[in-house]
Amino acid sequence: MKKLFSGRYAALAAFVLYYLLFSFLVRLTLVMLSFGNIKDSLPSLLRVFGQGLIYDFTVSLAFCFFYSIYLLLMPSRWIGSKADRTATWLILFLMLFISLFAFAAEFPFWDEFKTRFNFIAVDYLIYTYEVVSNINQSYPIPLLLIGLLAVISIIFFVFWKKKIFHSAFQSQMRFGKRLGNTVLILALGTAGLFFLKNDQSEYSNNAYINELTKNGAFSFFNAYRTNELDYKKFYRTLPDKQAFSIIKKELLQDDDHYISPVWDNITRTVNGENNSQRPNIVLICIESFSADFLTKFGNQDQLTPNYEKMAAQSIYFTNLYATGTRTVRGMEALTLSVPPTPGNSIVRRQDNEKLFSVATVLRKKDYQLSFIYGGDGYFDNMNAFFGGQGFAIVDRNRGNPLPEKIKTTRTSIEDKDVTFENAWGICDEDIYRQSLKRADTEAHSGKPFFQFVMTTSNHKPYSFPAGKINLPQGTRNAAVRYTDYALGKYMDAARAKPWFKNTVFVIIADHCASSAGKWEITPEKHHIPAILYNTGRQPQEVGKLVSQIDVMPTLFSLLGWTFDSAFYGKDIFRMKTNEERALMGNYRTLGLLKNNIFTQINDRREVKQFGFDPVKKQITTETKTADPTLQNLTVSYYQTASERFKNGKMKENKN
């Protein structure tokens, strides 16, 4: 050990030791923060730290790749020169700054997602305006930078005190010896990066244990490499004809019929009774609006009086689940009515224009279509997706153009129309004013309108206009309360409009405020409220187990429409008890909740089943006896949806 820290590679060895120590401290802190969720899995902690050390060591060597090559190539006669000292200090400073920044960033990421860095962190690198602004508005960046520089100074002082730099600059190591050291470092690091996989850390049914085993930086680059997942390559499959046979039987409801005998065509005709109704439809997708914010589901903080008052006057779905954990998943579910296929949401994928969607049905009814968003819809590819389905775009245009192949109109939200704005966009009151303004204009055209309105205020940094509510800025509860306040103001204004009496409002969340839990997928973290307001029907609570993908097909049937459907969603009111189910996923792991059994599939070709408590809405334990029918149904949902998109069968002209 003494020899390791007393030669030309002393600073490199000291960096590796520093990295392992800080990685251990980060993991230990996260273990302590998560203790309540892992106390039943304490025997696994030895593996958490043991296997975690292997990931940490691999990443520490990867950090050293450039420095080790520098040490190899620096001529012996220049070792210890001013140029060598300057280059060494600069390289080490950058290695320390990047690694310390990554360590520090893990804590807010864990706080929000309860995971190490994943594909969300990768996405954040793409959308720098929103992310950098959010960081600036959420955290004291100058203090954090000062703190990082202070820690780096302390580390440099320790290296100096322990004569690490003295050894590095005095050793006249021969080229052959340096070559051996550098080759060893590169070989060990490369082997670790090549042979280690993140899914090797996913050995437990407890998601916290799996995530604690990982290394944040390793997870980040793993997510970068695996941002797309081919279903047949990674997941349990059935023969295609069998999978489509199962899903076609599953999707067909009474009085529907398939339009084609072709085995992989799921398009069917849904028969209605009254095609003359064409009300305006406003779909309000509320950011991170979990069911557990509502009094109905046990919250005692009185955060949502306006929503709950409307719910009592609406068709209120009380047992409905979001398909995913991100906004784009909610958009995908509500517009395309498909299960959450593995990898990126379809909203963010290439070749996703002109898909069979709610726009397909609405255009045939001669609706005007608008997507209204308070940020720049370049974020998460929203504008390209909605524009590609024929929606006109209303957004806070920050100069990011639409792709040339997307032919639509785009209206910029001007500065004069903004009273408050944060990293993610304008406040909910401002976005609702845009909705009202556009509705006023479109109501005079003689054509019904459909608006997809996406809110942003219920998102970190949880900031909103001052003086609106009696809670302080910067907390989730305050953001929820403001979100509800803005919704109440919007509905008061809408009720005064002449177009209101002929307008149906769909008000639903994109996903829950928190998605992480003890299991790989935690169903209670997908439970969201949804209402159909101003339908002209008697208010009622609907407690059937259903999914986000069912909402729009249900509305179309409620309006009495006859339409062709290639949706995976169904009419909730025609669902029989044995047809109830909910689909949900988290990028790599996918699930089906049905008959109080949660069937889960993942990219290791595993299929697991768990008992489910419908009262607590929680997974209980893994079942010992498999239900092959539910296994096959789960596989069929996700396999057929994945293959239909991959093969272009989701396109309008393919249905």
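**Exercise 1. A proline in a loop**

Task: Locate proline 461 among the secondary structure elements, then describe the peptide bond that leads into it.

Solution. Start with the place: proline 461 sits in the loop that runs between strand E10 (449-454) and helix H20 (476-495). Next, look at the bond itself. The peptide bond from lysine 460 to proline 461 is cis, and its omega is near 20 degrees. Please keep in mind throughout these exercises that the model is predicted.

**Exercise 2. Positive phi**

Task: Find where glutamine 302 and aspartate 351 lie, and state what is notable about the phi of each.

Solution. Take glutamine 302 to begin with. Its loop connects strand E3 (280-286) and helix H15 (305-311). Glutamine 302 is not a glycine, yet it has a positive phi of about 55 degrees.

Now turn to aspartate 351, which belongs to the loop between helix H16 (327-336) and helix H17 (358-364). Here too the residue is not a glycine, and phi is positive at about 55 degrees. As a last step, check the accessibility: aspartate 351 has a relative value of 44%, so it counts as partly exposed, a class that lies between the limits of 20% and 50%.

**Exercise 3. Buried or exposed?**

Task: Classify tyrosine 587 and isoleucine 146 as buried or exposed, and give a C-alpha distance for each.

Solution. Tyrosine 587 is in the loop between strand E16 (582-585) and strand E17 (590-594). With a relative accessible area of 7%, tyrosine 587 is buried, the cut-off being under 20%. For the distance, use arginine 476 as the partner: the two residues are 111 apart along the chain, and their C-alpha atoms are separated by 25 Å.

Isoleucine 146 is part of helix H8 (residues 141-161). Its relative accessibility is 53%, so isoleucine 146 counts as exposed, given that exposed means over 50%. Paired with serine 642, isoleucine 146 is 496 residues away in sequence and 48 Å away in space, C-alpha to C-alpha.

**Exercise 4. From valine 270 to phenylalanine 556**

Task: Describe the surroundings of valine 270 and phenylalanine 556.

Solution. Step one is the address of each residue. Valine 270 is in strand E2 (residues 268-270), whereas phenylalanine 556 is in helix H21 (residues 551-558).

Step two is burial. Valine 270 is buried at 5% relative accessibility. Phenylalanine 556 is buried as well, with a relative accessible area of 0%.

Step three is separation. Valine 270 and phenylalanine 556 are 286 residues apart in sequence, while their C-alpha atoms are 9.5 Å apart in space. Phenylalanine 556 and valine 361 are 195 residues apart along the chain, with 8.8 Å between their C-alpha atoms.

Step four is contacts, leaving out residues up to four places away in sequence. Valine 270 touches Asp256, Ser557, Trp561, Thr562, Phe563, Ser565 and Arg574. Phenylalanine 556 is in contact with Val358, Val361, Leu362, Trp561, Phe563 and Phe567.

**Exercise 5. Two helices that cross**

Task: Work out how helix H14 and helix H22 are arranged, and which residues make their contact.

Solution. Two packed helices are described by the angle and the distance between their axes. The axes of H14 (residues 240-251) and H22 (residues 628-646) come within 8 Å of each other and cross at roughly 105 degrees. H14 and H22 are therefore roughly perpendicular to each other, since that term covers angles of 65 to 115 degrees. From H14, the contact uses Asp240, Gln242, Ala243, Phe244, Ile246, Ile247, Glu250 and Leu251. H22 contributes Asn632, Leu633, Ser636, Tyr637, Gln639, Thr640 and Arg644. By type, the residues of this contact are seven nonpolar, five polar and three charged.

**Exercise 6. The whole chain**

Task: Summarise the fold of the protein chain in figures.

Solution. Count the elements: the protein chain has 22 helices and 20 strands. Then compare its radius of gyration, 27 Å, with the 26 Å that the globule rule gives for 655 residues; the two are close, so the chain is as compact as a globular protein of that length. Along the principal axes, the C-alpha atoms fill a box of roughly 90 × 60 × 50 Å.

Go on to burial and surface. Of the 655 residues, 58% are buried. The chain exposes about 27100 Å², and carbon and sulfur atoms supply 59% of that area. Finally, among contacts between residues at least 6 apart in sequence, 71% join residues at least 24 apart.

Methods. Residues are numbered from 1 along each chain as its sequence is written. This is a predicted model: local features need pLDDT of at least 70, side-chain atom pairs count only at pLDDT 80 or more; totals for chains, interfaces and linings use all residues. Side-chain values use heavy atoms; hydrogens and water are left out. Axes are lines fitted to C-alpha atoms, for helices over the stretch in contact, and angles run from 0 to 180 degrees between N-to-C directions. Helices (H or I, at least four residues) and strands (E, at least two) are DSSP runs, numbered from the N terminus. Angles under 35 degrees count as roughly parallel, over 145 as roughly antiparallel, 65 to 115 as roughly perpendicular and the rest as oblique. Contact means heavy atoms within 4.5 Å. Ala, Val, Leu, Ile, Met, Phe, Trp, Tyr, Cys and Pro count as nonpolar, Asp, Glu, Lys and Arg as charged, and the others, Gly among them, as polar. The radius of gyration is taken over C-alpha atoms; the globule rule is 2.2 Å times the number of residues to the power 0.38. Buried means under 20% relative accessible area, exposed over 50%, partly exposed in between (1.4 Å probe, protein chains only). Accessible areas come from the Shrake-Rupley method with a 1.4 Å probe; for residues, only the protein chains shown count as cover.
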